[in-house]
Amino acid sequence: MSERVKEVAVQEADRIKTLTTDAARSGAYLYPIRGMAYFLSHRELWKPLTAKLVPTLSLGLGVTTFMFVFTYLPQAAIMTFTQGPLAAVSAALLVLSESSTIFTMLSKTLLIEDALVDTFDGVLMSKGTTDLVSSGRQIKAGNSPMARLGKVIKSPLARFSPNALIRYFMYLPLNFIPVVGTVMFVILQGRRMGPSAHTRYFQLKGWNAAQKEKHIEENKAAYTSFGVAAALLELVPLASILFAFTNTVGAALWAADMEKGAVNEHGTSPHLREQVKKAE
C-alpha cells in the first residue's frame with residue numbers, strides 16, 4: 001500500500017512539474033502585469049473601482065483583522081510542529097490567504113461583481129471587439145468605451161460557488177508541508193482561478209459546458225500561469241480590491257487577443273513580453 005501511495009505521489013509531482021514548465025513557457029503570467037499597466041494608463045477604467053473603494057476596503061480591513069485576531073495563533077502553534085521557525089511566517093501567509101479568499105468571496109458577491117463586468121466589457125470595447133460585447137449588453141453612443149456600455153442583457157460573472165471554497169479548504173493542509181506544500185497550494189489555486197477569470201468571456205461567446213471545458217483543457221498551462229500570478233497579486237486583502245480590477249483588465253486583454261486570433265500555440269500573444277515592456 002505504501003509503495004502505491006509513493007508511486008501516486010511521484011506521478012502527481014511529475015504532472016505538476018510538467019504543468020509548471022508549460023505554464024512558464026506560455027507567458028500568460030504576464031497578462032496580470034499588462035493589466036496593471038493598462039489600467040493605470042486608462043483613467044476611464046478607474047470609475048468602477050473608485051465607486052466601490054470605501055465599502056470594499058472597509059470589508060477587507062474587517063475580515064483581515066478578524067482572521068488575525070482569532071485564527072493566527074492557533075494555526076501558528078500547529079505549524080510549529082511541522083515547520084519550526086518558519087511557522088510564524090507561514091501562518092501569517094496562510095491567514096492572509098484565508099482572509100483574501102473570504103474577502104474575495106464576499107466582495108465579488110456583494111459589492112463589485114457588476115463593476116468587474118463593466119471593466120471587462122470596457123476593455124474589450126477599447127480593443128475593438130465591440131461585436132463580442134454587443135452579444136451580452138446594449139451598446140450606447142459615447143466618447144469612450146466605458147461611456148458606451150449599456151444595459152447588461154446576459155448574466156454577469158458567475159457568483160461565488162461553494163465548491164470553490166470547499167476545494168480551497170481541502171487544499172489548505174498542503175501549507176503544513178514546508179515550502180513545497182505552499183508552492184503546490186498556490187499552483188492548485190491558480191488552476192482554479194485562471195479559467196474563472198474568463199467566465200465573462202465564455203458567457204459572451206455563448207459557449208456551453210463542453211465547449212468551455214475543451215477550451216480550458218487546450219489552454220490548461222496558460223490558464224494556470226495566469227491564475228497563479230493573479231492569485232499571488234490578490235493575496236493581501238486590502239490590496240486585492242485593486243488587483244481584482246487589474247487582473248480583470250489583464251483577463252480581458254487576453255480574451256481580446258484570443259478573439260482576434262492573435263495567439264500562438266500556447267494560447268497567448270506572441271508579442272506579450274514586448275507589450276508589457278511598452279507599458280501601455
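Let's start with contacts. In the protein chain, take the contacts with a separation of 6 or more: residues 24 or more positions apart account for 72% of them. Keep in mind that this is a predicted model.

Now the overall picture. The chain has 13 helices and two strands. Of its 280 residues, 45% are buried. The exposed surface comes to about 14100 Å². Carbon and sulfur atoms supply 64% of that area.

On to one residue, Ala91. You'll find Ala91 in helix α4, residues 87–110. Is Ala91 buried or exposed? Its relative accessibility is 0%, so Ala91 counts as buried. What does Ala91 touch, once neighbours within four places in sequence are left aside? The partners are Tyr72, Gln75, Ala76 and Met79. One distance to go with that: from the C-alpha of Ala91 to the C-alpha of Phe68 is 9.8 Å. Those two residues sit 23 apart along the chain.

Next, salt bridges. The whole structure has seven. I'll go through some of them.

Take Asp257 and Arg34. Their closest N and O atoms are 3.4 Å apart. This pair links distant parts of the chain, with the two positions 223 residues apart in numbering. Asp257 belongs to helix α12, residues 237–259. Arg34 belongs to helix α2, residues 30–41. How accessible are the two? Asp257 has a relative accessible area of 9%, so it is buried. Arg34 has 4%, and is buried because that is under the 20% cut-off.

Second pair: Asp118 with Arg137. Here the closest N and O atoms are 2.9 Å apart. Asp118 lies in helix α5, residues 113–126, and Arg137 in strand β1, residues 137–139, so the salt bridge ties together parts 19 residues apart in sequence. The two ends differ in class: Asp118 is partly exposed at 24% relative accessible area, whereas Arg137 is buried at 4%.

Third pair: Arg200 with Asp121. The closest N and O atoms are 2.8 Å apart. Again, distant parts of the chain are linked: Arg200 is in helix α9, residues 199–205, while Asp121 is in helix α5, and 79 residues separate them. Both Arg200 and Asp121 are buried.

Which residues do shared partners join into one network? Asp118, Asp121, Arg137 and Arg200. On screen, look at helix α5 for Asp118 and Asp121. Then find Arg137 in strand β1 and Arg200 in helix α9.

That's the tour. Over to you.

Methods:
Residues are numbered from 1 along each chain as its sequence is written. This is a predicted model: local features need pLDDT of at least 70, side-chain atom pairs count only at pLDDT 80 or more; totals for chains, interfaces and linings use all residues. Side-chain values use heavy atoms; hydrogens and water are left out. Helices (H or I, at least four residues) and strands (E, at least two) are DSSP runs, numbered from the N terminus. Buried means under 20% relative accessible area, exposed over 50%, partly exposed in between (1.4 Å probe, protein chains only). Contact means heavy atoms within 4.5 Å. Accessible areas come from the Shrake-Rupley method with a 1.4 Å probe; for residues, only the protein chains shown count as cover. A salt bridge is a side-chain nitrogen of Lys or Arg within 4 Å of a carboxyl oxygen of Asp or Glu.
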